[in-house]
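Here are some worked exercises to go through with the model open on your screen. Try each task before you read the solution.

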2 protein chains.
Amino acid sequence: MKYKKNFYQIKPNDVIFKKILQERDEVGYYKLPFQDINSITKYSKTIQSQEVIVVGMGGSSLGVKSIYDFLISTKELKKLVFLDTVDPLKINYSLRNVNLEDAHFLFISKSGKTIEVLSLLKYIDSKVSLIKKNTTIISEKDTPLHVFSTKRELTFFEIPKNVGGRFSVFSNVGLVPLAISGVDISQILHGCKKVYTDFFKGEKYYKHIIEKSRFLVENKGRFNINVVFSYSSSLESFNKWYIQLWAESLGKKNVNGTRQALTPIGLIGPDDQHSFLQLIMDGVRDKTITFIKIKNLKSNILIPESSDNTFKVFDFANTKEISFSEMLNLQADSTIESIIEEQDIPTDVITISTVDEYNISKLMFTYQLMVSIIGQFLQINTYNQPGVEHSKKILFDKIKKLGVK
Amino acid sequence: MKYKKNFYQIKPNDVIFKKILQERDEVGYYKLPFQDINSITKYSKTIQSQEVIVVGMGGSSLGVKSIYDFLISTKELKKLVFLDTVDPLKINYSLRNVNLEDAHFLFISKSGKTIEVLSLLKYIDSKVSLIKKNTTIISEKDTPLHVFSTKRELTFFEIPKNVGGRFSVFSNVGLVPLAISGVDISQILHGCKKVYTDFFKGEKYYKHIIEKSRFLVENKGRFNINVVFSYSSSLESFNKWYIQLWAESLGKKNVNGTRQALTPIGLIGPDDQHSFLQLIMDGVRDKTITFIKIKNLKSNILIPESSDNTFKVFDFANTKEISFSEMLNLQADSTIESIIEEQDIPTDVITISTVDEYNISKLMFTYQLMVSIIGQFLQINTYNQPGVEHSKKILFDKIKKLGVK
């Protein structure tokens, strides 16, 4: 009797952990927490401009924006303006109050040939000459953008070849603009190191992340949508970063050629209680929900008691004087309770201590690790993006037809 | 021989159309295109403030914001600042450059008792007294907010009882703030009328909308995610409005108690080519894609040719001088082509003529009609939102425990 088999099996946790240990030597982002940031810190202090234009698409801007937008309402930072499109309406609108003469320009592209970045570079250079004083280039070595920076004698920061765009926030891609803006990038790396160390020591983080990853993979047929429900508007850009990280890393064919799809969705509370929540509660149970709360919002704005008798009519909602922070977290807790009561909606809650560099980088590094682990469970290549090449080829064909200069 | 049956059957198109004709008499939004806007136009001219704060959650702000953000980069409008959260970080940040003394405040809540709106009202009233000169209230009649407006002698605009929050953009909810901002609201209604008339005459729109709705319902098991991929950043708020309209209207149990879930996702091109596109291409084929393009972006910003020889290195991408608009639509077309080639990704393309009031309202009224039709196909109540009541109850219980004043 002969027996052949070709089962797709989800590997045991310890095998996955070994695979992560193996890829740690090849995949660049794991090493970023331990890099030397002296040259970045030093360079950032030489930039006098009060406005910094960050030109980059996808992974070249979403990570920076996550951290910047998380911190901006509690910290004095230089203004970063993000150009991440060729939409002329947004370009115009983003630059409407910017004095280009006094601004600093950062062009970020891993491949050094992203068409949107090059188009914007040509446009800006036609308005104000890009020279050493006002321009920084961040790219892989030996790319068109790198060669350009050499010819123009511009300051150049390298993106390591083995660091993928969506895993690059803790490389020069993120650290250079953030340092220029005034973010404490040593605290950023400190947060990454904490997660890295806890994880590879095999403690709490290890268990949480592996357990969650395995759950998502084992139940991907039933729960094909993964919602991140963040209870602070300061996490809206983080949500977008999460969507890119998740969609582009995990939307792949696996070793058997089977299409995988854990589809990410980002929500903001309480806003989306008035929008998406109805679908979570009464719709098909095809979603997992991860809540993110911030314990200390560093804000003391109060919802006042009022003795004015015209307010009597609101008595049903009249609390003692409480803070908006408290109200926000009461709303988060109410939504969480109502969802957990449903029992068949897989839910977890991440609570961030406060709004600072250390905490946002812990969150983001944790998500990177989790995506790597899910990728190993799914038996896919987490770090490439073959699916977007075809539309790029079509675009370049169209451009050629227009008549290359 | 006896025979019993209890099949769930999708009804024929003409039955659905008849049901829409029936609900047209009960559901308020159908009549909005034909309302008299004289009093709004007149009132809007009396507002001198250059900054207008719009306080409203979900349907009370998403629709206004869609139209405002669509128009703002091509039209001179008074600044609208949206407060749609109790997150103190966003409240602080949104108001950082606003002179409250000179601002006008619009409080919008259909129920007149939205906790976020009341909290913000109390907060703002503690900073600057809310009086007739600086405040407008928009609500249903006989709600706490309406009573408050009477006691304070504030200007009040009514939301009809039979117009649901997410279908209220063409009622006073949308028209009052938009008129104050400087938007031509007669053109807004003109766009609605055009869609309404074409649809009920049973012509092109009728066929398109019914055909698409039926497809989505017949295939909801296979394609449970509906992506809107808008090729202009000016449609980002429209995407959010679409998400609310879709999720809150269609995320329901039907007449048989079966959970329905067409899950909406909003993407922006080209940005999300660098993010979500990989998942569409290589992931499970569980998504329909609707592209929205704008033919004439009213912009002549050019990507210049360059004779500077440092640009030689970018020759591969050097076109003749073309506009950013052209580049944006080339990118849209390339992505559309690459997705259509895949054959098993259901796709349609909506092309808007240009960036103006008439065109955005046509798009939005069409989406409202489509959601009504899908609701009829699904045999659900499209206009309620029972799933969000439980978390509100929990919240009020928590507030009570804190000690009501």
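**Exercise 1. Get to know one chain**

Task: Work out what secondary structure chain A holds, and decide whether its radius of gyration agrees or disagrees with that of a compact globule.

Solution. Start with the elements: chain A has 14 helices and eleven strands. Keep in mind that this is a predicted model.

Next, take the overall dimensions. Along the principal axes, the C-alpha atoms of chain A fill a box of roughly 90 × 65 × 45 Å. For 405 residues, a compact globule would come out with a radius of gyration near 22 Å, and chain A has 23 Å, so the two agree.

Now look inside. Of the 405 residues in chain A, 54% are buried. As for the contacts in chain A with a separation of 6 or more, 77% are between residues 24 or more positions apart.

**Exercise 2. Split the chain into domains**

Task: Find where the two domains of chain A begin and end, then say which helix gives the most to the side of domain 1 that touches domain 2.

Solution. First the bounds: domain 1 of chain A covers 36-183 and domain 2 covers 188-378. Their centres, taken over C-alpha atoms, are separated by 29 Å.

Then the contact. On one side there are 19 residues of domain 1 of chain A, and on the other 20 residues of domain 2 of chain A. The helix you're after is H3 (residues 62-71) of chain A, which gives eight residues to the domain 1 side. By residue type, that domain 1 side divides into ten nonpolar, six polar and three charged.

**Exercise 3. Relate the two copies**

Task: What rotation superposes chain A on chain B, and which C-alpha of chain A is nearest the axis?

Solution. Superposing chain A on chain B takes a rotation of 180° with 0.0 Å of shift along the axis, and the RMSD is 0.0 Å. The copies are therefore related as by a two-fold rotation axis. In chain A, the C-alpha nearest that axis belongs to A:Ile265, at 3.7 Å.

**Exercise 4. Take the interface apart**

Task: Count the residues that each chain brings to the contact, and find the element with the largest share on the chain A side.

Solution. Chain A brings 100 residues and chain B brings 100 residues. Several elements of chain A give two or more residues to its side, including helix H4 (88-94), helix H10 (236-250), strand S7 (263-268) and helix H14 (389-403). The largest share comes from H12(A), with eleven residues.

Sort the chain A side by type and you get 43 nonpolar, 35 polar and 22 charged residues. Finally, compare the two sides: 100% of the interface residues of chain A are interface residues in chain B too, so the copies meet through the same surface.

**Exercise 5. Find the middle of the core**

Task: Which residues of the largest nonpolar core touch the most other members, and what does A:Val55 touch?

Solution. A bit of background first: nonpolar side chains tend to be buried together in soluble globular proteins. Here, the largest nonpolar core has 240 residues, and the ones that touch the most other members are A:Val54, A:Val55, A:Leu106, B:Val54, B:Val55 and B:Leu106.

Now zoom in on A:Val55. Leaving out residues up to four places away in sequence, A:Val55 touches A:Leu83, A:Phe105, A:Leu106, A:Phe107, A:Ile108, A:Val117, A:Leu120 and A:Leu121.

**Exercise 6. Check the backbone**

Task: Is the peptide bond from A:Gly269 to A:Pro270 cis or trans, and is A:Lys298 buried or partly exposed?

Solution. Take the proline first. The bond from A:Gly269 to A:Pro270 is cis, with omega near -5°, and A:Pro270 is found in the loop between S7 and H11 of chain A. In the other copy, B:Gly269 and B:Pro270 are joined by a cis peptide bond with omega about 0°.

Move on to phi. A:Lys298 isn't a glycine, yet its phi is positive, about 55°. You'll find A:Lys298 in the loop between strand S8 (287-296) and strand S9 (302-303) of chain A. A:Lys298 has 14 other C-beta atoms within 10 Å, so it is partly exposed.

B:Glu153 also isn't a glycine and has a positive phi of about 60°. The loop to look at lies between helix H6 (144-152) and strand S5 (155-158) of chain B. With 11 other C-beta atoms within 10 Å, B:Glu153 is exposed.

Methods. Residues are numbered from 1 along each chain as its sequence is written. Chains are lettered from A and ligands numbered from 1 in the order in which they are written. This is a predicted model: local features need pLDDT of at least 70, side-chain atom pairs count only at pLDDT 80 or more; totals for chains, interfaces and linings use all residues. A nonpolar core is a set of buried Ala, Val, Leu, Ile, Met, Phe, Trp, Tyr and Cys residues joined through C-beta atoms within 7 Å. A residue is buried if 20 or more other C-beta atoms lie within 10 Å of its own, exposed if 12 or fewer, and partly exposed in between; C-beta atoms are placed from the backbone. Two residues are in contact if their C-beta atoms, placed from the backbone, lie within 7 Å. Copies are superposed by least squares on the C-alpha atoms of residues with pLDDT of at least 70 in both. Helices (H or I, at least four residues) and strands (E, at least two) are DSSP runs, numbered from the N terminus. Ala, Val, Leu, Ile, Met, Phe, Trp, Tyr, Cys and Pro count as nonpolar, Asp, Glu, Lys and Arg as charged, and the others, Gly among them, as polar. Domain bounds come from an automatic or database domain assignment. The radius of gyration is taken over C-alpha atoms; the globule rule is 2.2 Å times the number of residues to the power 0.38.
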